[in-house]
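User: Please take a close look at one part of this model, the strand pairing around a single central strand, and then relate that part to the aromatic contacts and to the rest of the chain.

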Amino acid sequence: MPNSSSTRKQGPDQLDGAASAPKQQRPKLADNEKKTVNKKLKDVEISVPIVYGNIAFWLGKKASEYQSHKWTVYVRGATNEDIGVVIKRAVFQLHSSFNNPTRVVESPPFELSEAGWGEFEIAITLYFHSDVCDKPLNLYHHLKLYPEEESGPMSTKRPVVVETYDEIVFSEPSEGFFARVQNHPAVNVPRLPAGFNLPPPVPVEDVNKRRRGDTKDNPLAQWYTKFSEADELSKFAAARQQVQAHIAKLRRQLSVIDGQNQQLKPTSDQ
């Protein structure tokens, strides 16, 4: 059974980007146009739901002392859409025993595969496009190779899957960033007031390349945990019901105690 968890994370502060420009030439903007594109949208948040984790396959009879599993660690869109519209680069820091332990993935899908026998913490650093944010975001994932006891013995057909759902939140995004991602399926954007005019979007990457960046057809997709807003809301609703039931139980207990105290009070002489 896949292991999964869910959190909501406040992403890096929205700042003017310092990352290098993409290889293709951008149209030059006048100074007043640049100011409009970089203008901040007050009281606005853009969120990008992501999932990061690993999938590990036991090699069975092919396993050796130092290579018992093949595994893949990754960062993907929660609905397998292309998050390359926001994330420019991912750096995975592996254990020092690996050759070239710092692995850089320059384009989506942001994943890497290796083989080994041990579990360890992987640091994942995400770098964003220049109109998104100039501060990287650090994530940490503990590589999991071996199943929990309740999941049964190791199997070459059923991998170990450990994933974490998260949301990167960008506060006060630039108008240019908002305009560029407002119709992208990997990004959650709010509605702006009627009559609000955004600047024309500035392309950050090749459209055809972006289409190839999703993970819907990834060979590992069949093992991905399915995260959705409805699932998260149902979890919150279930937790709320448990809390309300516990509160009702405590109120009943307090009522009984109050009743007992009333009975113990001495009656006044007439």
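Analyst: Two strands are taken to pair if DSSP finds at least two bridges between them, and with that rule in hand the strand pairing in this predicted model can be followed residue by residue. Strand β5, which spans residues 87–93, pairs with β8 in the antiparallel sense, and that pairing runs over 6 bridges. On its other listed pairing, β5 joins strand β6 (residues 102–105), again in the antiparallel sense, over 4 bridges. Phe92 serves as a reference point for both pairings, since its bridge partner in β8 is Ile124, while its bridge partner in β6 is Arg103. The strand is mostly covered, with 5 of its 7 residues buried.

A contact of another kind involves Arg89 and Tyr127: the charged end of Arg89 sits over the ring of Tyr127, at 5.5 Å from the centre of that ring.

Strand β8 (residues 121–128) also leads into the aromatic contacts, as it contains Phe128, whose ring pairs with that of Phe170 in strand β10 (residues 160–171), 42 residues away in the chain. The ring centres of Phe128 and Phe170 are 5.3 Å apart and their planes stand at 90 degrees, so this pair is classed as edge-to-face. Both of these phenylalanines are buried, and for Phe170 the relative accessibility is 0%. Phe170 takes part in a further edge-to-face pair, with Phe177, in which the centres are 5.8 Å apart and the planes again make an angle of 90 degrees. Phe177 counts as buried because its relative accessible area is 0%, a value that falls under the 20% limit. Across the structure the count comes to 5 aromatic pairs, and Trp71, Phe98 and Phe120 form one aromatic cluster.

Away from these rings, a long-range contact is found at Ile55, which lies in strand β3 (residues 45–58). Ile55 and Leu220 are 165 residues apart in sequence, yet their C-alpha atoms are 8.0 Å apart in space. Ile55 is itself buried, with a relative accessible area of 1%.

The interior also holds empty space, in the form of 2 cavities of 30 Å³ or more. The second largest cavity has a volume of about 40 Å³, and its lining includes Val75, Arg76 and Gly77, together with Glu81, Asp82 and Ile83, Pro108, Pro109 and Phe110, and finally Gly213 and Thr215. Strand β4 (residues 69–77) gives the most to this lining, with 3 residues. By character, the lining residues of the second largest cavity divide into 5 nonpolar, 3 polar and 3 charged.

Set against the whole chain, these parts belong to a secondary structure of 4 helices and 10 strands. From the N terminus on, the order of elements is β-β-α-β-β-β-β-β-β-β-β-α-α-α. Of the 270 residues of the protein chain, 39% count as buried. To return to the part requested, β5 is joined to β8 over 6 bridges and to β6 over 4 bridges, with Phe92 bridged to Ile124 in β8 and to Arg103 in β6.

Notes
Residues numbered from 1 in each chain as written. Predicted model: local features only at pLDDT ≥ 70, side-chain atom pairs only at ≥ 80, totals over all residues. Heavy atoms only, no water. Helix = DSSP H or I, 4+ residues; strand = E, 2+ residues; numbered from the N terminus. Buried < 20%, exposed > 50% of the residue type's maximum accessible area, 1.4 Å probe, protein only. Phe/Tyr/Trp six-rings, centres within 6.5 Å; stacked < 30°, edge-to-face > 60°. Lys NZ or Arg CZ within 6 Å of the ring centre and 35° of its normal. 1 Å grid on protein atoms, 1.4 Å probe; cavity = no way out; pocket = protein on both sides within 12 Å on 5 of 7 lines; lining within 4 Å. Points joined across faces, edges and corners; volume = space filled by probe spheres on them. Nonpolar A, V, L, I, M, F, W, Y, C, P; charged D, E, K, R; others polar.
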